Amino acid sequence: MNFSGLIHNLGPLTITGLAQGAIYALFALGYTLVYGVLRLINFAHSEVFMMGTYATLITWGFFGLNQNSATPGLGSVLGYLVLGLIAAIIMSGVTAVVIEFVAYRPLRRRNAPPLAFLITAIGASTVISEAVGVATHRNLRGVPPLIKPATVVHIGNTTITNLQLLIILLALVMMAVLDVFINRTRLGRGVRAVAQNPDGAALMGVNKNRVISLVFLLGGLMAGIAAVMYVLKIGDTRYDAGFNLGISAFTAAVLGGIGNLRGALLGGLVLGVAENWGAGLFGTEWHQVVSFVLLIVILMFRPTGLLGESLGRARA
Amino acid sequence: MRQGLVRALGGVAVLALVAGAAACNSTSKTSSSSSGKCGHDIAFFGALTGSEANLGVNIEQGAELAIDQYNQKNGANCIKIDKFDSQGSEQLAPGVARNLVTNKKILGIVGPAFSGESAAADPIFDQAAIPLITPSATNPTLATKGWKVFHRAVANDQAQGPAVANYITNVLKAQKVFVADDQSAYGAGLADQVKAKLGSSVVGTDKTGADGQQTDFSATVQKIVSSGATAFFYGGYYTNSGLLRKQLTQAGWKGTQLGGDGVNDPGYAKAAGNAAAAGSVVTLPAQPATKASGDFVSQYKAKWGVDAGTYSDVAYDAANMFLQGIDAGNTTTAKMNTYLSTVNYQGVANSYKFTSTGELDPSLLKIWAFKVDANGVPQPDQEVPSS
C-alpha cells in the first residue's frame, strides 16, 4: 500500500476520477431510467453508447478530421463539438429506440417472463458489438485532437484541465436538465406515473408504450453525450468500448440506487473517485477490486443503494 | 407453401451432399498421389483477429510466403499452410491447440506468436510431439518447462529487458524511469527484466488491465506525471501502449515512452496518434525485417502489398527451416524434431542454431532499438547490447 503516493496525488486523482465518474453517471442514466419504468436491465445500453462514439468520429471524419490533423481554431472547435454531440445524440437515441422496438416490444406484447428480456438484451448487445467489430476489422478509431489540453485551475499540485472541466460541467448540466424534465414536465409526469403503477397510468390515459420509448430515447441521448465525452477523454474508440464501461456504469447505477436519477449521478462520481483512489493506494491492477468491495459494503448497509428508492417512489 | 419450402430445402441438401462428396474426392486424390515431400502441412498458430492481430498477421504472411515459394518449385498445393487463429488469447489457445493436434499431416508449427498463449498451448503440442518454432514469444520461462518440441528463433526477454535498460541509461541518459506492465506473461516478464537491470533509477511502478480491459489510464498517467520520470517503459502490447501514450501527452507529460517487441508495430501510432507516438522507442529481439538479406523484402512487398513487418522475416526463416527438413526426408514429426536439434540454418534474418532447451544459440542473439518517426512507423535506430 502506498499511502504517501495517494496523499501526494489525492487532488489530481480526485479530479480525474470525477471526470471519469461523470461519464459513468451519464451512461448509468440509461440503465436507471429503463429499470425504473420496466424493471429491466437493458444490457444492450453499452452498445447504444458505442454507436454514439462512432457517430461522433464519423461526423468529424466527414469534415476531414482524423487523429493526425492539427487542432482547429476555437470557433470551429465549438462547431465541431456541437455537431459531434448532435450526431452522437441522434445515433444513440435511435439505437436505443430501435433496440426497444426489435428486442423488447415483441416480448412485452406476448407477456414473456423477465428472463427472456435478459437474454434478448445480451443478444442485442452481442449482435451490435460484433457487427461493428467485423465492419471495423476490430481496429481502434482515433479521435482528432479537438481540445488542446490547457490547465484552467491550479491549486497546489492539483490541476484541472479545460477538458475535465467541460466533462464535469456538461454532466452536471445534463443531469439537471433531465431531473427538471422528469419532475416538472407533462411527459416526465407520464414517466413517473408508469414507473409507479403501469396499469393505473394506463387507466388515466397515459400511453405506456410511448412512455417506454421515451425512456429508452432519454437514456440514449444521455449515452450519446457520454460518448462524446469519452472519445475526447480516452482518445480512441473500438467496437467493444461500451463493454467494460457498461459494467462500471451499471455498478454506478446500483451504487447510487437503481431507478433513481440523482443516485446515478452520485453513484457515478463516487465510483470514479473510488476507482482512482484505489488505483493510487494499491496500484491500478486493484482499481476494480476496490470499486466492487465498496459496492458490496454499501449494499450491505443500504441494500437499495446510496439514495435508494426508484424513479416512481422517489418523488411521486 | 410449406411443401414448396421443404422441397427447396431438400434440393439444397442434395446439392450440399454432392458438393461435399466432390470435395472429399479431390482431397483424397491429392493425399494419395502425394509421396515424399508433398502432402504435408505446416501450421501457423497465433492471433489473426483481435486487438493484437497485426503481429500474428506479420508472422502468418512471412510463413505463407516461404511455403508459396516452396510450392512454386515443387508443384502447387505441395505443402499446405493451416492457419489456427488463437486471437492471441490464453483462454482460447488450448482449445485451438487441441484442434491443431488432430491434424496428423502437420509436421511443424510456426508459432504460437505470444508468450501467454504459448504457455497454454505448448504443453499440448509437446504431448502430441509436434515440433514448433516460435518467431516471437519472448518470455524466458517458456524454455525452462522441459518441452522437447519448443524452439525459439529470437532472443528472449532476459536479453531484451536488459537491452532496453541499457538504451534508457546510455542513450536516453534518463535518471528517473517509470515502469508499468499489462500483467500478461509477456508484459510483466519483460517489465521485471527492465526493472531488475535499471535498479534504483526506477522511481515508480504500476500495473494496468490487459488489452481491452481498460481504456481509462488516468491513475497510471497521474502517477507517471507526479513521479517526475523522464522515461516510461510499458511492458505490454501496442494498443494499450498507444492509449497510454495518447493520454500521457494529453496530460502534458513530455518524456520518452519505451516498449518491447509487442509495441513494435504501426498499430501503436494508430492508437496514440502520430504526433504523440513520434519519438517513442521500441525494441526487437532480432534484426529489423527491412534489413533481411536477399530478395525477402521485395518479395514480401510483391506478395502482400505491404512492407515486411515485425517478425515476418523470422517467421519466413522458421517456415523455411521446416521445409528444408522436409527436403531432407524428415517427414514425421519425430524426425523433424531431431533434425531441428542439429539444424544450422542460414536464413534471411539470422543464422539459426538451437541449444538443448530450444533457445537460439547465445552467439546469434541480436537486439535492435527502433524509433517511431513522424508518420508513426517504427524505424531502425541502432543495435543495443544486452549486457
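Two strands are taken as paired if DSSP finds at least two bridges between them. In this predicted model, strand β10 (residues 281-284) and strand β13 (residues 368-372) of chain B satisfy that criterion, pairing in the antiparallel sense over four bridges. Within this pair, Val281(B) faces Lys371(B) of β13(B).

The two strands belong to an open sheet of seven strands in chain B, ordered β7-β6-β8-β9-β10-β13-β14, with mixed pairing. At the edges stand β7 and β14 (378-383) of chain B; each has a single partner strand, so one side of each lacks a neighbour in the sheet. On average, and with direction ignored, neighbouring strands of the sheet are turned by 25 degrees against each other.

Helices pack on this sheet. Helix α5 (residues 157-172) of chain B touches β6 (177-181), β8 (231-235), β9 (256-259), β10 and β13 of chain B, and its direction makes about 145 degrees with that of β10(B). Helix α7(B) also packs on the sheet, where it touches β6, β7 and β8 of chain B; its direction makes about 180 degrees with that of β7(B).

Both α7(B) and the edge strand β7(B) lead on to the contact between the chains. Here 28 residues of chain B are in contact with 27 residues of chain A. On the chain B side, two or more residues each come from β7 (202-207), α7 (218-227), α8 (238-250), α9 (267-272) and α10 (274-277). The largest share, six residues, is given by α7(B). By residue class, the side of chain B that touches chain A comprises four nonpolar, 18 polar and six charged residues.

Technical notes. Residues are numbered from 1 along each chain as its sequence is written. Chains are lettered from A and ligands numbered from 1 in the order in which they are written. This is a predicted model: local features need pLDDT of at least 70, side-chain atom pairs count only at pLDDT 80 or more; totals for chains, interfaces and linings use all residues. Two residues are in contact if their C-beta atoms, placed from the backbone, lie within 7 Å. Ala, Val, Leu, Ile, Met, Phe, Trp, Tyr, Cys and Pro count as nonpolar, Asp, Glu, Lys and Arg as charged, and the others, Gly among them, as polar. Axes are lines fitted to C-alpha atoms, for helices over the stretch in contact, and angles run from 0 to 180 degrees between N-to-C directions.
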